[in-house]
Amino acid sequence: MTEKINLPVVDEVDKLSSSPPIHYYPLPHSDSLDANADTSALYVHVPFCTTKCHYCDFYSIAGHLDKIPKYLAAIQKDIDLQTRHFHTPAPETIFIGGGTPTLLPPSDLSSLFGMLLNSINSKNIKEFTTEANPNTFDAPRAAVLEKFGVNRISFGAQSFNPAELHVLQRDHDPKCVAPAVKTARNAGITNINIDLIFGVPGQTLSSLRDSLAQALDLEPKHLSCYSLVYEPNTPMTARLKNGQFRAIDESLELEMFGLVQETLAAAGLNRYEISNFARPGFECRHNLHYWHGDNYLAYGPAAAAHHSGFRWKNVPSLTRYIDALLSPDPRIPITQFEHLTGLARWGELAMLAMRLDEGLVVDNFIRRTGLNAKAILAGVIQKYDGLNLLECTENGLRLTPRAVNVSDTIIAEVLAAFDSVPAS
Ligand code: SF4
C-alpha cells in the first residue's frame with residue numbers, strides 16, 4: 001500500500017443520492033431495433049475499488065463492500081428486465097469490468113457469474129474477460145473465474161515503477177503483478193492482458209522501457225498502453241492545477257508513444273488499434289465489437305450500452321442504481337439516452353473504424369450503411385493522403401503508422417465530413 005497523498009476524494013456512493021429525483025429513460029422500444037440485430041457482447045460494471053486512484057474518472061467507489069449484497073440483487077433485477085425486453089441474448093463476448101471486479105469475495109463472484117450465465121444462451125461465447133487488480137487476485141478467485149468459463153484476464157498494472165504508481169495513487173506494489181499472472185496461469189487462464197499508462201509525471205524513457213520489459217517478461221497475449229489523461233474533476237487534475245507537479249512535455253510523450261510502438265512491435269505484438277497491441281489471434285474480441293459498432297448490453301451503475309443506433313448509460317450512483325432496481329416498481333435507471341440516426345450513426349461507425357489498424361473497409365461499410373465512405377471523405381483523403389497520414393486503397397481507408405500521433409485530429413475530421421453531408 002502506498003503512502004496516501006492527502007487530498008479529499010469525493011465519495012461517489014452518495015454524491016447523487018441527495019440530489020433531486022432524476023428522470024430515467026426507458027429502454028429503446030423493440031419495434032425500433034434493427035431487424036435481425038443480434039446482441040454481440042455483454043458488459044457488467046462492478047463499481048467497488050480498494051481506493052480511488054487519483055487519475056480515475058470511471059465510476060467507482062472506495063470501500064462500501066457492505067453494499068455488495070444489494071448490488072448483486074440489483075444486478076439480478078437489471079438482467080431480468082433486459083432479458084425480458086431484448087429476449088435471451090447469445091453474446092460472443094462478456095466483459096466484467098470496473099471498478100475492481102476481483103474485489104468481490106469468491107462467493108459473490110460465483111453469484112454474479114451464475115446469475116449472468118443463467119440468463120443468457122452461452123453457445124456463442126468465445127471470449128469471457130474479467131478485469132483484475134493484481135493486489136486483489138488470488139487462487140480462490142482464479143478458481144471461480146475458471147469454473148465459470150472466464151478465459152481472459154485483464155490486469156491493471158499501469159507501471160512497474162513504484163514512484164510512478166505513487167504519483168497515480170495506485171494501491172498496489174508492482175511486485176504483485178508477476179504472482180497474480182502466475183496465479184491466473186496456474187488456474188488455466190492463459191489469455192492475459194496487461195494495462196500500462198505512459199506520460200506519468202516523473203516518468204522517463206528509461207523507466208517506461210523498464211516497465212515495458214517487465215510487462216513483456218510476463219508474456220501477455222495483449223497489452224493496452226494509454227497515455228495519461230487529465231480528466232476534469234479528478235484529484236490528479238486538481239494536483240496539477242495546484243502546481244504540485246508538472247505534466248510531462250508533449251514532445252516527450254510522443255517519444256514515449258514511439259517507444260511503446262517500437263518495443264511491442266519488436267516483441268511480436270501488433271498494434272491493431274491506436275492504443276492496443278496483441279499477438280496474432282489475441283485481439284480483444286469484446287472491444288472489437290465496440291469499434292465495429294455492434295450491439296452490446298450492459299448491467300450495473302454507469303454501465304453503457306449500444307443497440308441499433310441507440311446509446312444509453314445508467315446512473316453513475318450505486319445508491320440510485322440499487323434504489324431504482326429494488327423498488328416495488330423496478331426500473332433500469334438510464335440517465336443518458338441518445339438515438340443516432342442516418343449520417344450521424346454512420347459517421348460514428350466510420351470514426352470507430354478509423355481507430356483500427358484495418359481501418360474502414362469500403363465494401364463492408366456500403367453493405368451496412370448503403371453509403372460510399374470514400375466519396376463522403378474525399379476532402380479528408382485529399383488533405384491527408386499526400387502527407388502520408390492516410391492510406392487509401394481500392395477497398396480501404398486507414399491511418400498510416402505515422403498518423404497515430406495525430407489520430408484525434410484526423411478522426412474528428414472524418415466525423416465532421418459525415419456531419420456536413422446535406423440531408424437528402
Ligand atoms: S482501480 Fe481502476 S477503476 Fe478503481 S479507482 Fe483505480 S483506475 Fe479507477
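## Helix packing, a small sheet and a ligand shell

In strand β17, G396 is the bridge partner of V361. The model is predicted, and the description below starts from this pair of residues and moves on to the helices and the ligand.

### The three-stranded sheet

β15 and β17, the latter spanning residues 396–399, pair in the antiparallel sense over two bridges. They belong to an open sheet of three strands, ordered β15-β17-β16, with antiparallel pairing. β15 (360–361) and β16 (390–392) are the edge strands; each has a single partner strand, so one side of each is left without a neighbour in the sheet. Helix α14, residues 378–385, lies across β16 and β17. The direction of α14 is at about 120° to β16.

### Helix pairs

Three helix pairs are listed here with the angle and the axis distance of each.

| Helix pair | Angle | Axes |
|---|---|---|
| α1 (residues 68–86) and α2 | about 5° | 10 Å apart |
| α2 (residues 106–118) and α3 (residues 139–147) | about 15° | 9 Å apart |
| α6 (residues 205–217) and α8 (residues 250–266) | roughly 25° | within 10 Å |

Angles under 35 degrees count as roughly parallel. At about 5°, α1 and α2 are therefore roughly parallel to each other. On the α1 side the contact is made by I68, L72, I75, Q76 and I79, and on the α2 side by D108, S111, L112, M115 and L116. By class, seven residues of this α1 and α2 contact are nonpolar, two are polar and one is charged.

Helix α2 also packs against α3. With an angle of about 15°, α2 and α3 are therefore roughly parallel to each other, and their crossing is right-handed. Here P106, L109, S110 and F113 of α2 meet P140, R141, V144 and L145 of α3. The residues of this contact of α2 with α3 comprise six nonpolar, one polar and one charged.

Further along the chain, α6 and α8 cross at roughly 25°, which makes α6 roughly parallel to α8. The crossing of α6 and α8 is right-handed. L205, L208, R209, L212 and L216 of α6 make the contact with L252, E255, M256, L259, V260, T263 and L264 of α8. In the contact of α6 with α8, nine residues are nonpolar, one is polar and two are charged.

### Ligand shell and backbone features

The ligand is surrounded by C49, T51, K52, C53, Y55, C56, S60, G98, G99, T100, N133 and R170. This shell divides into four nonpolar, six polar and two charged residues.

Two of the residues around the ligand, G98 and G99, are joined by a cis peptide bond with an omega of about 20°. G99 is found in the loop between β4 (93–98) and α2. The helix at the end of that loop, α2, is the one that packs with α3 and with α1.

A second backbone feature is at H64, where phi is near 60°, a positive value in a residue other than glycine. H64 is found in the loop between β3 (61–62) and α1. The helix that ends this loop, α1, has I68 and L72 among its residues in contact with α2.

Notes:
Residues are numbered from 1 along each chain as its sequence is written. This is a predicted model: local features need pLDDT of at least 70, side-chain atom pairs count only at pLDDT 80 or more; totals for chains, interfaces and linings use all residues. Side-chain values use heavy atoms; hydrogens and water are left out. A residue is near a molecule or strand if one of its heavy atoms lies within 4 Å of it. Ala, Val, Leu, Ile, Met, Phe, Trp, Tyr, Cys and Pro count as nonpolar, Asp, Glu, Lys and Arg as charged, and the others, Gly among them, as polar. Axes are lines fitted to C-alpha atoms, for helices over the stretch in contact, and angles run from 0 to 180 degrees between N-to-C directions. Helices (H or I, at least four residues) and strands (E, at least two) are DSSP runs, numbered from the N terminus. Angles under 35 degrees count as roughly parallel, over 145 as roughly antiparallel, 65 to 115 as roughly perpendicular and the rest as oblique. A crossing is left-handed if the near helix is turned anticlockwise from the far one by less than a right angle, and right-handed if clockwise. Contact means heavy atoms within 4.5 Å. Two strands pair if DSSP finds at least two bridges between them.
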